[in-house]
Amino acid sequence: MTRILHLKSSLMGKESYSIKLGNAIVEQIQKKYPENQLEELDLVETEMPHLSPAVLRTFFTPADQLTEKDRESIGLSDQLVQQLLSADSIVIGAPLINFTIHSSLKAWIDHITRAGITFGYGEDGRPVGKVTGKKVYIAMSSGGVYSEGPGKENDFVVPYLKAFLGFLGMTDVTVIRAEGLKVPGLKEYALENAIESIQVN
C-alpha cells in the first residue's frame with residue numbers, strides 16, 4: 001500500500017495551476033502504484049494557523065509535563081507530523097507568490113519541524129533529518145520563467161523547499177514546473193508541457 005499526501009497552497013482554488021499539476025502527479029503515482037491511499041490537505045482552505053507562542057512552548061516541554069491545555073495546543077502539530085511520517089509519496093503544490101511560497105505552506109512547515117521527532121542532532125552537533133524514505137514531488141507554478149535566465153535568482157521556492165526538506169531527511173525530491181503562465185507564447189502550453197514532463201519513480 002502506497003500512501004500519498006497531497007499538499008495544496010494555492011489561493012486560486014479550482015483554477016489553480018499548481019493544484020492541477022499536483023493532481024496530475026498524484027494520478028501518475030496512482031497509476032504506478034494501484035494499491036494506494038490518498039490524503040489531500042488544502043492549507044489555504046483549512047486556514048492553516050501560524051505558530052503561536054503557546055504552541056511553540058509545547059514543542060520544548062517534556063511530554064510528561066504537558067498540561068491538558070498544552071496537549072490541545074500541540075494537537076494539530078502532532079496530527080500533521082503523523083500524517084507526514086505515514087506518507088510514502090508527498091506532492092507539494094507550491095505556486096510562486098512574490099518570489100516565495102504562500103504563508104500557509106510556511107505555517108505547515110513550522111508545525112512539522114519538531115526537534116527529536118522530525119529532526120535531531122548527531123554526536124558532532126549537526127542536525128540529522130529523521131523523515132527518511134520519502135519521495136517528494138514539488139508542483140511549482142509561476143507566471144514568469146524562474147528555472148533559468150534573469151528570473152532564476154528570484155526563485156525562493158525551489159531552493160528553500162529543497163533545503164528544508166533535506167534538513168528533515170527528504171532528499172529524493174523531483175521538481176516539476178508549470179512556468180511562464182503569464183508569458184505570451186509560453187502560457188498556452190505551460191501546464192500541458194509540465195504534465196507531459198512528469199516522471200514517477
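This is a friendly conversation about how a few labels on this predicted model are earned.

Biologist: Let's start with Thr118. Why is Thr118 called buried?

Modeller: Buried means under 20% relative accessible area. Thr118 comes out at 0% relative accessibility, so it counts as buried. Its place is in the loop between α4 and β4.

Biologist: What makes the link between the Thr118 side chain and the backbone oxygen of Ile112 a polar contact?

Modeller: The cut-off for a pair of N or O atoms is 3.5 Å. The Thr118 side chain reaches that backbone oxygen of Ile112 at 2.8 Å, so the pair is within the limit. The side chain of Thr118 also reaches the backbone nitrogen of Arg114, at 2.8 Å.

Biologist: And which residues is Thr118 in contact with, leaving aside neighbours within four places in sequence?

Modeller: Contact asks for heavy atoms within 4.5 Å. Val81, Ile112, Thr113, Gly129, Lys130, Val131 and Leu168 are in contact with Thr118 once those neighbours are left aside.

Biologist: Lys8 puzzles me, as a charged residue. How do you know whether Lys8 is buried or exposed?

Modeller: Its relative accessible area is 14%. That is under 20%, so Lys8 is buried. Lys8 lies in strand β1.

Biologist: What joins the side chains of Lys8 and Glu40?

Modeller: A polar contact of 3.4 Å, which is within the 3.5 Å limit. Leaving aside neighbours within four places, the residues in contact with Lys8 include Glu40, Ile19, Asn23, Asp42 and Gly93.

Biologist: Now for Pro150. Why is Pro150 called exposed?

Modeller: Exposed means over 50%, and Pro150 has 76% relative accessibility, so it counts as exposed. Pro150 is found in the loop between β6 and α5. The C-alpha atoms of Pro150 and Phe59 are separated by 41 Å, and the two residues are 91 apart along the chain.

Biologist: On to α5 itself. Which residues of α5 are buried?

Modeller: Helix α5 runs over residues 158–167, and its buried residues are Val158, Leu161, Phe164 and Leu165.

Biologist: How do you know which side of α5 they are on?

Modeller: They cover an arc of only 135 degrees around the axis, so they sit on the same side of α5. Their cover includes β3, α4, β6 and β7. After α5 comes Gly169, with a positive phi near 105 degrees.

Biologist: What about empty space: how many cavities of 30 Å³ or more are there?

Modeller: The count comes to one. About 50 Å³ of space lies in the largest cavity. A cavity is a place where a 1.4 Å probe fits but cannot get out.

Biologist: Which residues line the largest cavity?

Modeller: Arg3, Ile4, Leu5, Gln37, Glu39, Gln83, Ser86 and Ala87 form the lining. The largest share, three residues, comes from β1, while β1, β2 and α3 each supply at least two. By class, the lining has three nonpolar, three polar and two charged residues.

Biologist: And what makes a pocket something other than a cavity?

Modeller: A pocket is an open set of points, whereas in a cavity the probe cannot get out. The largest pocket holds about 310 Å³ of space. It is lined by 15 residues, and the closest to its centre are Met12, Tyr17, Pro95, Ser141 and Lys182. α1 and β6 are the elements that give two or more residues to this lining. By class, the pocket lining has seven nonpolar, six polar and two charged residues.

Note on methods. Residues are numbered from 1 along each chain as its sequence is written. This is a predicted model: local features need pLDDT of at least 70, side-chain atom pairs count only at pLDDT 80 or more; totals for chains, interfaces and linings use all residues. Side-chain values use heavy atoms; hydrogens and water are left out. Buried means under 20% relative accessible area, exposed over 50%, partly exposed in between (1.4 Å probe, protein chains only). Helices (H or I, at least four residues) and strands (E, at least two) are DSSP runs, numbered from the N terminus. The arc is that of the directions from the helix axis to the C-beta atoms. On a 1 Å grid over the protein atoms alone, a cavity is a set of points where a 1.4 Å probe fits but cannot get out, and a pocket is an open set with protein on both sides within 12 Å along at least five of seven lines; lining residues have an atom within 4 Å of a point. Grid points are joined across faces, edges and corners, and a volume is the space filled by probe spheres set on the points. A polar contact is a pair of N or O atoms within 3.5 Å; within protein, one must be able to donate a hydrogen and the other to accept it, and residues adjacent in sequence count only if both atoms are side-chain atoms.
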